[in-house]
Amino acid sequence: MRVVIIGGVAGGMSAAARLRRLDAKAEIIVLERSGNVSYANCGLPYYVGGLIQNEESLLLQTPQSLHNRFRLDVRVNTEVVEINPSKKEITAVDHGKNSQFSLSYDKLILSPGAAPVRPNIPGIERALSLRTVEDVKAMAQIMSTNPKSAVIIGGGFIGLELAENLVHKRIPTVVIEATEQVMAPLDSEMVSFVHNEIRKHEVDLRLGSSVTHIKDDSVVLANGDEIPADVVVAAIGVRPETTLAVNAGLKIGSRGGIAVDEYNLTSNPDIYAVGDATEKHDALDNSATLIPLANIANRQGRVVADHICGKKIRTVASQATAIVKIFDLTVATTGWNEKKAKAADLDYIVAHTHPSHHAGYYPGAQGMSIKIIVDKKTQEILGAQAVGREGVDKRIDVIATAMRGGLTAPELADLELAYAPPFGSAKDPVNMLGYISENVLNGVTPTAQWNEVNSLVSQGWTVVDVRSKGEFDRGHIPNSINISIDEIRERINEVPKEKILVTCQVGQRGHAATRLLREMGYNAVNLDGGYMTWSHSPANTKVSEHV
Ligand code: FAD
């Protein structure tokens, strides 16, 4: 059997290595357009910043090492230019020898990845992209000329990783983002932590701005601003690399990726496709989705090898679990965000918590913020997002695993997670999300969200802030009254019987006060995530009252 693989990095090379482990005799040929295979594209931004110093560290394998260990026939600088499905043949150009050749296959695996989106603006030729080792070398070369200014177009994870690395190189950096927030997977009240972090590190973050013109030494924005730019990087996102598939008549899905079934078979029974070039099946609703992430590409490569070798396959849909470091912050997400749940018109609840990453009394505790979105009827976890300095990865990974295992949100309370003071809390933040969700879902503590406060106040609700006077004076929701939780029983005559919105710093004391008031016959509702969540929403950062 001859298997030809187009693209020799994440998905393609996983498929090749797994195939060899399952079939010692198969002829496996990997054709790779760039000069390298198995390179660490996820590490490229850190090479730009100098954190990864040796180019060799990015090159995990070479054609020779792959031949030595796996007897793979790996050909770099070799670009496939055509697939002929009826002849079961590909045509490729060997850029090294400047020659063209054809190759037949029994099975073909496409793993050509994604191409950076290049907006159609004058001067775009000057903008660098970051996808391959060649790209990073071009970037490193410009860095060696001591640039005095850099503009990154796009506030997604690659743009922000690059911004961090350019700051590390002490290059004044501007990030231009067309929408009102960076990191689209985050909801607006979670992303302001990230905006603050970026600006704290002196990146000039321009939200709601777009570039109209790239000049020789500057970029021009739609509002007329002209920003000096010795370096310009386009990091606007990626689109599936589908040219070969389109020309071969393979089915392209509704989201513009190569359509594949649960075994990654394309519309042709002898051609598979994996990785960024393909559409994935969303774990929540099975809809087509694009998720350009390394874990999925690797897993799909393995699935394809197993399928070719007749192994039993566990088919898995994708939930888009992702993580990124942005300066000293970690941002991680899994599943759907609230924007998506709302757009799908789901009936859901949301819970926020702002715990310490380990026991508060143990030195070094760092705050974090976690949000969970839960289907109101089924109690299924729809998604979660977390931002903080430490321990964010572990919480999102636990929730992602719970989602994969089909646990409901209240069942997060039942998880026995490893605990000692340097590592966590006896009630881990993930357990807390379970407790909060359960209290909201079964009506023990009704909550309101940060974006409902204005409407509730205009309907005559009274905001009762149960923090200490000192905390209240440092900032509070306008027109709220301050009765500390310890004084509620004595000052109960100041509290109206109906329409009470209780708030505190993070929602915990508010929960206790709400329970107390409800037990006393008052109609109280807790503000989920408290003042912390409310004050981090974009509009409220400006209106918070300080005494
Ligand atoms: P790729 O790994 O991109 O491989 C595709 C290969 O196909 C390329 O080398 C290309 O040269 C080759 N090719 C294309 N067309 C042809 C052709 N016609 N003939 C021959 N060869 C061809 N993901 C994460 O999960 N976490 C991260 O932290 C992360 N960081 C990233 C940082 C950067 C800078 C980049 C660029 C990506 C990052 N990713 C990250 C995404 C991750 O790298 C991709 O999801 C993953 O590599 C996709 O695997 P793939 O096999 O589909 O494509």
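Me: Before I look at two helices together, what do the angles between their axes run between?

Reply: Angles run from 0 to 180 degrees between N-to-C directions, and the axes are lines fitted to C-alpha atoms. Keep in mind that this is a predicted model.

Me: How are two packed helices described?

Reply: Two things are given: the angle between their axes and the distance between the axes. Here, helix 11 (residues 392-405) packs with helix 12 (residues 429-441) at about 50 degrees, and their axes lie 9 Å apart. That angle makes helix 11 oblique to helix 12.

Me: Which residues in helix 11 and helix 12 meet?

Reply: From helix 11 come Arg-395, Val-398 and Ile-399; helix 12 brings Pro-429, Val-430 and Leu-433. Sorted by kind, the residues of this contact are 5 nonpolar, no polar and 1 charged.

Me: Now the sheet, please. What is the order of its strands?

Reply: Read across this open sheet of 5 strands and you get 20-21-24-23-22, with antiparallel pairing. Strand 20 (322-326) and strand 22 (348-353) are the edge strands, as each pairs on one side only. On average, neighbouring strands are turned by 10 degrees against each other, direction ignored.

Me: Over how many bridges do strand 23 and strand 24 pair?

Reply: Strand 23 (residues 368-375) and strand 24 (residues 381-388) pair in the antiparallel sense over 7 bridges. As an example to find on the model, Ile-370 has Ala-386 in strand 24 as its bridge partner.

Me: And which strands does helix 11 touch as it packs on the sheet?

Reply: Helix 11 touches strand 20, strand 21 (329-335), strand 23 and strand 24. The direction of helix 11 makes about 175 degrees with that of strand 24.

Notes
Residues are numbered from 1 along each chain as its sequence is written. This is a predicted model: local features need pLDDT of at least 70, side-chain atom pairs count only at pLDDT 80 or more; totals for chains, interfaces and linings use all residues. Side-chain values use heavy atoms; hydrogens and water are left out. Helices (H or I, at least four residues) and strands (E, at least two) are DSSP runs, numbered from the N terminus. Angles under 35 degrees count as roughly parallel, over 145 as roughly antiparallel, 65 to 115 as roughly perpendicular and the rest as oblique. Contact means heavy atoms within 4.5 Å. Ala, Val, Leu, Ile, Met, Phe, Trp, Tyr, Cys and Pro count as nonpolar, Asp, Glu, Lys and Arg as charged, and the others, Gly among them, as polar. Two strands pair if DSSP finds at least two bridges between them.
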